[in-house]
Amino acid sequence: MSELKQVKKMALMGDEAVAYAVKQADVDVIAAYPITPQTIIVERLSKYVADGELNAAFIQAESEHSAISICLGAALTGARTFTSTASQGLALMHEILHAASSMRAPIVMAIANRALNSPLNIHCDHSDVMNARDTGWIHLFANNVQQAYDLTLMAFKIAEDPELLLPVSVNLDGFILTHSVEPLEVLSDEEVLQYIPHVPYPYRIDFDKPLAYGVMALPDTYMEFRRQLYEVILKTPEVFRKAADSFSRISGRTYGLVSPYLVEDAEIIIVALGSTVETLRYVAKKFRQRGVKIGVVGLTMYRPFPEKELAKILENAKCVGVMDRAYSYGGVGGPLYTDVLTTLYKNGIKTLAADFVYGLGGRDFKLIDAEELFKKLINAIEVGRFDRDIYWWGVKE
Amino acid sequence: MIEIRWHGRGGQGVVTVSDILARSAILEGMYAQHFPEFGPERSGAPVKAFTRISDEPIEIHSGIYNPDIIVIIDQGMSRSFQSYLEGLKENGLLFLNLGDDFSKLDKSILPRGVKVYIVNARKISIEESGRPIFNIPMLGCLVKVLSMPSIKTIEEVLSKRFSEELVEANIKILRRAYNEVRLVE
């Protein structure tokens with residue numbers, strides 16, 4: 001029983017926690033190119049391999065484009081495959097991201113979320129992963145270091161599920177989580193391999209039984225291939241639930257597609273991704289003590305979008321605040337806002353909603369920023385409207 | 001929850017010492033969090049690091065603006081001194097890397113009730129190891145006043161990162177500072 005066993009507590013940075021999980025997952029191939037703030041992940045992994053603690057091929061590629069290409073080829077041979085990147089590195093991978101999902105390569109990638117040029121900035125925002133939003137990858141978001149570890153293990157379980165065979169990204173906020181030391185509970189190596197045993201990849205490259213991979217498809221067949229991707233990724237919620245159930249039995253920690261907090265009777269609900277979810281929870285708890293009916297919902301899985309789960313949480317809200325750490329320039333709002341508005345509309349939910357673009361390039365989202373934001377939402381209910389639909393929160397105006 | 005902000009300059013081990021404190025506190029069963037503020041990563045540039053220690057899980061993932069404790073690793077009363085003090089809570093603690101001459105310390109610029117602790121980190125580290133090390137002596141002062149984490153735990157954390165020789169030298173420095181920290185009356 002998990003509650004009876006002695007739990008091993010460690011102190012690790014987010015990057016170290018991811019590397020530790022990858023080592024325990026006993027990956028076969030790691031291909032990467034170093035980039036801040038994920039560098040520590042591949043540094044640790046290369047040390048594990050050099051010290052003989054992990055029996056894997058560690059390939060330092062000459063670019064991220066090559067790194068992900070190596071991962072794609074390796075995954076199709078049936079190797080358990082990992083890479084990690086951030087920012088410009090993910091942008092450089094972009095064309096192969098599409099190939100990886102449509103060729104059904106169960107790669108796991110950590111993204112140490114970081115802003116994009118220009119101007120050059122090494123700090124956190126979600127512009128990198130939002131560019132990869134429509135690539136057919138499953139995108140998971142960690143709120144803290146423990147989750148970065150847990151979700152990395154779950155990512156292998158989800159990616160390699162024979163129902164899916166899709167690549168998964170685990171997102172952790174650059175510096176805020178990658179370079180934060182926090183306590184975490186880890187599983188034993190045996191427990192991890194019990195949870196994610198090596199399973200043969202059903203369509204692996206086999207020279208005795210040759211198959212065609214990544215072929216050309218003309219207008220008479222292309223659409224059917226894409227239709228398959230459309231259908232298969234929608235199976236993710238079910239696979240996620242299974243993966244979370246068995247993870248919970250081993251670890252005692254339970255994950256859902258969304259993580260609702262104090263939402264039951266909430267009039268105001270904030271939707272967010274990443275480490276900010278916890279900061280918002282901390283402040284929401286204080287507002288609750290003052291009688292404000294406020295709740296927070298974090299999305300553990302961003303793609304596929306947990307529309308049904310989110311709609312259920314938002315259906316009775318009077319006012320919804322959406323936190324976007326990226327923007328769709330010239331669009332109707334930030335990427336998360338657009339998803340939330342669509343969810344509200346498709347599910348017939350009538351509520352006030354506004355977008356809060358925050359924290360770009362690592363601008364700190366302070367407790368006071370959260371408090372002011374909550375006041376804005378309270379005020380919107382009182383006067384029946386927001387004075388804008390998109391706020392750049394914390395920008396110097 | 002105790003919130004600590006560390007100030008110093010690139011090359012003084014500001015980030016490392018906050019990291020070591022957090023790992024030691026976690027090893028002793030507490031909840032703790034360390035995170036750096038990465039400004040320009042240049043030797044000599046001002047660097048901040050943050051530590052939170054609590055007996056409950058820590059949910060906040062933002063900077064520390066009203067610390068309970070400020071530790072200034074930077075030697076003496078540098079030009080940045082006053083800016084380092086920003087946001088220090090009333091009745092907070094301030095740890096300074098000062099020699100015996102602290103007459104220049106103007107306590108009137110401090111918030112009400114702040115207690116000031118000093119240690120001569122340069123003297124201690126040069127005597128013990130032959131080179132100036134500022135971060136570990138400041139940690140020695142801090143753990144003496146906080147009564148945690150234990151020197152033994154810190155030694156364990158240091159051992160995971162540094163050679164035996166270096167750990168030994170650092171622990172000697174830590175112990176000296178632990179014993180020599182003074183409250184400025």
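User: What is the relative accessible area of A:Ser87?

Analyst: This is a predicted model, in which local features need pLDDT of at least 70, side-chain atom pairs count only at pLDDT 80 or more, and totals for chains, interfaces and linings use all residues. Residues are numbered from 1 along each chain as its sequence is written, chains are lettered from A and ligands numbered from 1 in the order in which they are written, and side-chain values use heavy atoms, with hydrogens and water left out. A:Ser87 lies in helix α4 (residues 87-102) of chain A; helices (H or I, at least four residues) and strands (E, at least two) are DSSP runs, numbered from the N terminus. The residue counts as buried (under 20% relative accessible area, with exposed over 50%, partly exposed in between, a 1.4 Å probe and protein chains only), because the relative accessible area of A:Ser87 is 0%.

User: What is the phi of A:Ser87?

Analyst: A:Ser87 is not a glycine, yet its phi is positive. The value is about 45 degrees.

User: Is A:Asp26 buried or partly exposed?

Analyst: A:Asp26 sits in the loop between α1 (14-24) and β2 of chain A. Its phi is near 55 degrees, a positive value in a residue other than glycine. With a relative accessibility of 25%, A:Asp26 counts as partly exposed.

User: Which residue joins A:Ser118 through a cis peptide bond?

Analyst: Chain A has a cis bond from A:Thr36 to A:Pro37, with omega near 0 degrees, and A:Pro37 is in the loop between β2 (29-32) and α2 (39-50). A further cis bond, with omega about 0 degrees, starts from A:Ser118. Its partner lies in the loop between β5 (108-113) and α5 (127-131) of chain A. That partner is A:Pro119.

User: Which strand of chain A holds A:Asn171?

Analyst: A:Asn171 has a relative accessible area of 0% and is therefore buried. Apart from neighbours within four places in sequence, its contacts (heavy atoms within 4.5 Å) are A:Ile111, A:Asn113, A:Val129, A:His139, A:Leu140, A:Phe141 and A:Ala142. Residues 168-173 form the strand in question, β7.

User: What does helix α9 of chain A reach from its first C-alpha to its last?

Analyst: Helix α9 of chain A covers residues 236-251, 16 in number. The expected span of a helix is 1.5 Å times one less than its number of residues, and for this helix 22 Å is expected. The helix is close to that value, reaching 21 Å.

User: Which residue takes a positive phi just after α9(A)?

Analyst: Within α9(A) the buried residues include A:Val239, A:Phe240, A:Ala243, A:Ala244 and A:Phe247. Their cover includes β6 (138-141), α6 (145-159), α7 (189-195), α8 (222-233) and β12 (301-303) of chain A. Just after the helix, a phi of about 80 degrees is taken by A:Gly252.

User: Which residues of chain B is A:Thr279 in contact with?

Analyst: A:Thr279 belongs to helix α10 (residues 276-289) of chain A and, at 1% relative accessibility, counts as buried. Leaving aside neighbours within four places in sequence, it is in contact with A:Phe365 and A:Leu367 of chain A. From chain B, its contacts are B:Glu59, B:Ile60, B:His61 and B:Ser62.

User: How far apart in space are A:Leu310 and A:Thr178, C-alpha to C-alpha?

Analyst: A:Leu310 lies in helix α11 (residues 307-314) of chain A and is buried, with a relative accessible area of 0%. Beyond neighbours within four places in sequence, A:Leu310 is in contact with A:Val271, A:Val297, A:Leu299, A:Phe305 and A:Val340. A:Thr178 is 132 residues from A:Leu310 in sequence, and the two C-alpha atoms are apart by 27 Å.

User: What radius of gyration does chain B have?

Analyst: Chain B has six helices and seven strands, and buried residues make up 54% of its 185 residues. The radius of gyration is taken over C-alpha atoms, and the globule rule is 2.2 Å times the number of residues to the power 0.38. A compact globule with 185 residues would be near 16 Å, which agrees with the value for chain B, 15 Å.

User: Is B:Lys104 buried or exposed?

Analyst: B:Lys104 is in the loop between β5 (93-97) and β6 (115-119) of chain B. It is 28 residues from B:Gly76 in sequence and 9.6 Å from it in space, C-alpha to C-alpha. Because its relative accessibility is 63%, B:Lys104 counts as exposed.
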